Number of protein chains: 2
Amino acid sequence: MSDQKDQVNTADNVGSDLPAAAAVLSAEDRADLVNAIKNKLHDLARDHSGFLEKLPPNIRKRVDVLREIQGQYDELEGQFLEERAALEAKFHKLYEPLYNKRYEIVNGMVEAENEGTVDKETNESAGDKGIPHFWLLAMKNNEAIAKEITERDEGALQYLKDVKWSRLEDAKGFKLEFFFDTNPYLSNSVLTKTYHMISEDEHILENAIGTEIEWFPGKSLTQKILKKKPKKGSNDTKPIIKTEECESFFHFFDPPQLPEDAEEIDEETAELLQSQMEQDYEIGSTIREKIIPHAVSWFTGEAVPIDDEEEEQEVEEDDDGDDEEEEYYVEENDE
Amino acid sequence: MSDQKDQVNTADNVGSDLPAAAAVLSAEDRADLVNAIKNKLHDLARDHSGFLEKLPPNIRKRVDVLREIQGQYDELEGQFLEERAALEAKFHKLYEPLYNKRYEIVNGMVEAENEGTVDKETNESAGDKGIPHFWLLAMKNNEAIAKEITERDEGALQYLKDVKWSRLEDAKGFKLEFFFDTNPYLSNSVLTKTYHMISEDEHILENAIGTEIEWFPGKSLTQKILKKKPKKGSNDTKPIIKTEECESFFHFFDPPQLPEDAEEIDEETAELLQSQMEQDYEIGSTIREKIIPHAVSWFTGEAVPIDDEEEEQEVEEDDDGDDEEEEYYVEENDE
């Protein structure tokens, strides 16, 4: 085998189209032609648009046969994806009654059947029904989600009654629903987050959309109201009021968006946005795939990977994200 | 609703275990107890080991019912995973004959049926059968894989006859097989790469193992043999020989490994290793999920995402990774 054949030439300037079939050629000419065809293939592969048209006819025919075979494959694959979706839907239906039972127990709508030994009168008089803070604690035991939850957020997240997920009608993406009990923070009874996917198998996100949260006045957890004391000797005695974005799990419902014109942003901004969108999708997927199907195991901590237990302690301690500037003080709630 | 209830106290020092049921209490005492129970839950949730044992009995019973329900869910989920695996296996079998046809055409073992118009005699005399460089070009059209392939690698990768994947027996992971025609680089006829997974759904890798490559003498693509000219005036006239690791796709078969004792490595090394293992898994998954099922579409470029086409040109130009130090020269092959 000649050295020449081993080296693949990737020069950019191979000349005009090659003849379809070689005429009578010397051995050396033939070897050159073989190499020229191969180089040509490499060059064509770089310019996909004209690739098929410029292939030598005999190779083009073989490629066309491969494309026919690919068509048969794609048909089978479509059938596979359909059957798999049907299988998932079938089991989603089977899971439903179990999710409903969980909901009723967590929210104290039914008592656990084997609870007969506990004095129900006393029990209820302590205002203690269901499992308090079930969803908040389940989510806090997942390291990735815990990082998003500030101490302030916990006040509102304790009112979570249920978290559900469902596929979108066209099977391209999924929706999360967070159901809230009546609470002093927000008036929405359900917050949704919808992930529209281009390809779910390849995890290619089209966009993510969240419910606009209706905060009660002064209760927003995604903004802080800061009052600045007027300077000493100033005539104006009213404090200067300023609102400021702050860290909060509830930003999950106002996810990062790609700008209309993607060309407008520079590379650094694009990378930051990409990483924010990935993190947002990661949180959504974790809630869908881990928390919802196994919530009680997260609540008890049984689902926590051994490796994470230690790290989690650290997260707890510095996750409130309160970085007030010294000259500002946080407004207390008026209620 | 009192302010106190809204604020979740996460102090670390809640006292001894709480009484199982409250005795007769004033309204204020009751509210305190409710808060104390909730705080206790938070504290317990941090220390998973004793969590269940330390729960107040009424809540413990509810949690136990949830755990029973979870057991039923897990059983259903196991059934789902089994049925899904069976579905995948069924279709893998249906794909097989199509993969075989592709193999025969790519390697010129059968001619495309509708190729009658081409003069077969001339065709073969040009040494041109099958589709030259099919797998190399298919892989090079994928941006992530193209980054791994150096110009030197192309010499060997052009001999690829087929690339296959299969699930491992226990369904925990998968195996890639790269079939090579007789070639002047390596004597293995097949190189395999096996990914053992702890959880495939969650993409948790246990380890990755590759075939040891039997390079022909002086033909290794993962090492360079460098000769240093002896210093002028030196008595020794023989060049100093040095081998050096170099960039190559073939490192794919010698993937990064976790050390036996994970505690031995520092954080920085651990992060680097993590990112290398992720990248390695990414390449393996891309070959399995994208290249193998749709190889002809990658070969023609039809599978290349529009966004990548531009970027790819740049990759082509600087992917050979040749950073020789000036005083060294690369040894030419002796053959």
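## Close-up views of a predicted model

**View 1. Four strands of chain B form an open sheet in the order β1-β2-β3-β4, with antiparallel pairing.** The edge strands are β1 (160-167) and β4 (204-210) of chain B, and each of them pairs on one side only. From one strand to the next, the twist averages 15°. Keep in mind as you look that this is a predicted model.

**View 2. Here we zoom in on β2 and β3 of chain B, two strands that run antiparallel.** Strand β2 covers residues 173-180 and strand β3 covers residues 190-199, and seven bridges join them. Which residue of β3(B) stands opposite K175(B)? Look across the pair and you will find T194(B). As background, strands of a sheet pair through backbone hydrogen bonds.

**View 3. Helix α9 (residues 267-291) of chain B lies across β1, β2, β3 and β4 of chain B.** The helix runs at about 70° to β2(B). Its 25 residues reach 34 Å from the first C-alpha to the last, close to the 36 Å expected at 1.5 Å a residue. Among the buried residues of α9(B) are L273(B), M277(B), Y281(B), I287(B) and I291(B); the buried set also includes D280(B) and R288(B).

**View 4. D266(B) caps the N-terminal end of α9(B).** Find the side chain of D266(B): one of its oxygens lies 3.3 Å from the backbone nitrogen of E268(B).

**View 5. This last view visits the cysteine C246 in chains A and B.** Is C246(A) buried or exposed? C246(A) counts as buried because its relative accessible area is 10%, under the 20% cut-off. C246(B) is buried too, at 9%. Over all chains, the structure holds zero disulfides.

Definitions and conventions. Residues are numbered from 1 along each chain as its sequence is written. Chains are lettered from A and ligands numbered from 1 in the order in which they are written. This is a predicted model: local features need pLDDT of at least 70, side-chain atom pairs count only at pLDDT 80 or more; totals for chains, interfaces and linings use all residues. Side-chain values use heavy atoms; hydrogens and water are left out. A disulfide is a pair of cysteine sulfur atoms within 2.5 Å. Buried means under 20% relative accessible area, exposed over 50%, partly exposed in between (1.4 Å probe, protein chains only). Two strands pair if DSSP finds at least two bridges between them. Axes are lines fitted to C-alpha atoms, for helices over the stretch in contact, and angles run from 0 to 180 degrees between N-to-C directions. Contact means heavy atoms within 4.5 Å. The expected span of a helix is 1.5 Å times one less than its number of residues. A polar contact is a pair of N or O atoms within 3.5 Å; within protein, one must be able to donate a hydrogen and the other to accept it, and residues adjacent in sequence count only if both atoms are side-chain atoms.
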